[in-house]
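Biologist: I have a chain in front of me and would like to walk through it with you. Shall we take it step by step?

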Amino acid sequence: MAAKLYFKYGAMGSSKTAQALITKFNYEERNMKVLFIKPSSDTRDGIDIVKSRIGLEAKANVVGPEVNLYDYFKNGYTDCKAVIVDECQFLTPKQVDELAAVTLDYDTAVLCFGLRTDFLTHFFPGSQRLMEIAESITEIKMVCDCGAKATVNARFDDNGDIVFEGEQVVLGGNDRYRAMCRKCWMKAKREHEKSR
């Protein structure tokens, strides 16, 4: 069976990182080597630490946007059975293409876990490329406070007010983001626009 490029995405708080760490553990428990990657832009839990909300954590290989991931794999990790990437939305489209080439040339599974869209519902560049070329795309479900399926990563300021302006990337966890359904997010957006 040929290896695939997988994109497993979900809203904030949907256990993406926990699933990435569990997947890593499952490979390693069977004595299969894993290349575990995180983009250098994700510094929330330390430079080279990947940590889930439920307390699972592991060290990761940190890569910046300038790193050619195909060459990185080829020059030291060809004995790996899988490449696992946490916070894959921060990869560049070129890096996604490089990982796709790893699956083809080395028959190695590449599993990418991350967000699909930002706080304004726009694609992250890495996620867009994964949506375009991944052979397997799976949504990790999350629930809004109203009980509906959450698909939007709502951003909040230091006062707890929802925001609709700002840079695409602002690091944060539950203190900064909350998963919401589109209906609740649109309601908050309309109320925000009326108050201006």
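Biologist: What percentage of the 196 residues count as buried?

Modeller: First, a word on the basis: this is a predicted model, in which local features need pLDDT of at least 70, side-chain atom pairs count only at pLDDT 80 or more, and totals for chains, interfaces and linings use all residues. Residues are numbered from 1 along each chain as its sequence is written, and side-chain values use heavy atoms, with hydrogens and water left out. Buried means under 20% relative accessible area, exposed over 50% and partly exposed in between, with a 1.4 Å probe and protein chains only. By that cut-off, the buried share of the 196 residues is 46%.

Biologist: Thanks! Which radius of gyration does the chain have?

Modeller: The radius is taken over C-alpha atoms, and the globule rule is 2.2 Å times the number of residues to the power 0.38. For 196 residues a compact globule would come out near 16 Å, and the chain agrees with that, at 17 Å.

Biologist: How many helices and strands are there?

Modeller: Both are DSSP runs numbered from the N terminus: helices are H or I with at least four residues, and strands are E with at least two. Counted that way, the chain has five helices and eleven strands.

Biologist: What is the strand order in the open sheet of three strands?

Modeller: Two strands pair if DSSP finds at least two bridges between them. The pairing in this sheet is antiparallel. On the edges, each pairing on one side only, are β10 (162–163) and β11 (177–180). The order is therefore β10-β9-β11.

Biologist: Which residue is the bridge partner of N153 in β11?

Modeller: Strand β9 covers residues 152–156, and four bridges join β9 to β11. For N153, the partner in β11 is A179.

Biologist: Is S127 buried or exposed?

Modeller: S127 sits in helix α4, residues 125–133. Contact means heavy atoms within 4.5 Å; leaving aside neighbours within four places in sequence, S127 touches F7, Q89, L115 and R116. Its relative accessible area is 0%, so S127 is buried.

Biologist: And what is the relative accessible area of V50?

Modeller: V50 belongs to strand β3, residues 49–51. Beyond its neighbours within four places in sequence, V50 has contacts that include T17, L21, F36 and D86. V50 is buried, with a relative accessible area of 2%.

Biologist: How far apart are the C-alpha atoms of V50 and N61?

Modeller: Along the chain, V50 and N61 are eleven residues apart. In space, their C-alpha atoms are separated by 9.8 Å.
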